[in-house]
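The following exercises concern a single protein model. Each consists of a task and a solution in steps.

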Amino acid sequence: WIALALLILYAILIGAALPAFDPSNLLTSPKDLANFLLPFNVIIFSLTGISAIPEMHDLLGRRGHRLSTAIIVAYLIIFGLFVLFSLAVVGATGQGTSADAIAGLVPSVAPWVGSFGAILGTVSVISIFTVLGMETVNALKLDLHFSSPVARFVTFGVPLVLFLVGFREFIPILGFVGGLLNGTLGIIIVLAY
């Protein structure tokens, strides 16, 4: 249900940005190409869905042989939505594109987009944190034999402590997680395979 809600929220934002879309906003000058790979780590974070694979396997049950097809279809949907959202935002805001994508849309589209974007961001963060939190708790319990309370404390306490000591910039944190941690995880999975 959360995934469906996110799809609907993204579709509404894409639709809201389309009337302000200007293809010339998608053009970049040679100076801008120097920053072409700047969002790479955040993109890696947004496209990493490894934690969903065991759940997909469980949901498929006897149709487990279709897992590879389900993974490919899921990634194509996610990547397609990512590209559509990026094109819609950049096409509507151009040089006014903000780091969070939503703040730049408010002056170009409508004031309600800010509130709507806040809802979308909150639902996204809660859903991702819930999935990753459950995965981390289970990994600590099953792989490292932590007790359930200790696993929960480590999983939910460490982010809280980091927030309290000053780690509050969302995009750099996503970049760090996407580039270093998810990159390392990807390499480990390839080596294990």
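**Exercise 1.** Determine where histidine 145 is found, whether it counts as buried or exposed, and what is notable about its phi.

*Solution.* Step 1: histidine 145 belongs to the loop between H6 and H7, where helices (H or I, at least four residues) and strands (E, at least two) are DSSP runs numbered from the N terminus. The model is predicted: local features need pLDDT of at least 70 and side-chain atom pairs count only at pLDDT 80 or more, while totals for chains, interfaces and linings use all residues. Residues are numbered from 1 along each chain as its sequence is written, and side-chain values use heavy atoms, with hydrogens and water left out.

Step 2: buried means under 20% relative accessible area, exposed over 50%, and partly exposed in between (1.4 Å probe, protein chains only). Histidine 145 therefore counts as exposed, since its relative accessibility is 66%.

Step 3: the phi of histidine 145 is positive, about 60 degrees, although the residue is not a glycine. Most residues other than glycine have a negative phi.

**Exercise 2.** Characterise the surroundings of threonine 155 and of threonine 93.

*Solution.* Step 1: threonine 155 is placed in helix H7, residues 148–164. Threonine 155 counts as buried because its relative accessibility is 8%.

Step 2: the side chain of threonine 155 reaches the backbone oxygen of alanine 151 at 2.7 Å. With contact taken as heavy atoms within 4.5 Å, and residues up to four places away in sequence not counted, threonine 155 touches Phe129, Gly133, Thr136, Val137 and Leu140.

Step 3: threonine 93 has its place in helix H4. At 11% relative accessibility, threonine 93 also counts as buried.

Step 4: a polar atom of the threonine 93 side chain lies 2.7 Å from the backbone oxygen of valine 89. Leaving out residues up to four places away in sequence, threonine 93 touches Asn25, Gly104, Leu105 and Ser108.

**Exercise 3.** Identify which residues touch the most other members of the largest nonpolar core, and which helices each supply at least two residues of this core.

*Solution.* Step 1: a nonpolar core is a set of buried Ala, Val, Leu, Ile, Met, Phe, Trp, Tyr and Cys residues joined through side-chain atoms within 4.5 Å. The largest such core has 17 residues, of which Leu13, Phe85, Leu105 and Val113 touch the most other members.

Step 2: at least two residues of this core come from each of helix H1 (2–17), helix H4 (67–93), helix H5 (102–108) and helix H6 (112–142).

Step 3: apart from residues up to four places away in sequence, leucine 13 touches Phe85, Ile102, Val113, Phe116, Gly117 and Leu120.

**Exercise 4.** Describe the location and exposure of phenylalanine 153.

*Solution.* Step 1: phenylalanine 153 lies in helix H7. With a relative accessible area of 61%, phenylalanine 153 is exposed.

Step 2: glycine 179 is 26 residues from phenylalanine 153 along the chain, and their C-alpha atoms are separated by 26 Å.

**Exercise 5.** State how many helices and strands the protein has, and what its C-alpha trace spans along the principal axes.

*Solution.* Step 1: the protein contains eight helices and zero strands.

Step 2: along the principal axes, the C-alpha trace spans about 55 × 45 × 35 Å.

Step 3: of the 193 residues, 21% count as buried. Among contacts with a separation of 6 or more, 65% join residues 24 or more positions apart.

Terms used. Polar contact = N/O pair within 3.5 Å; in protein donor to acceptor, adjacent residues only side chain to side chain.
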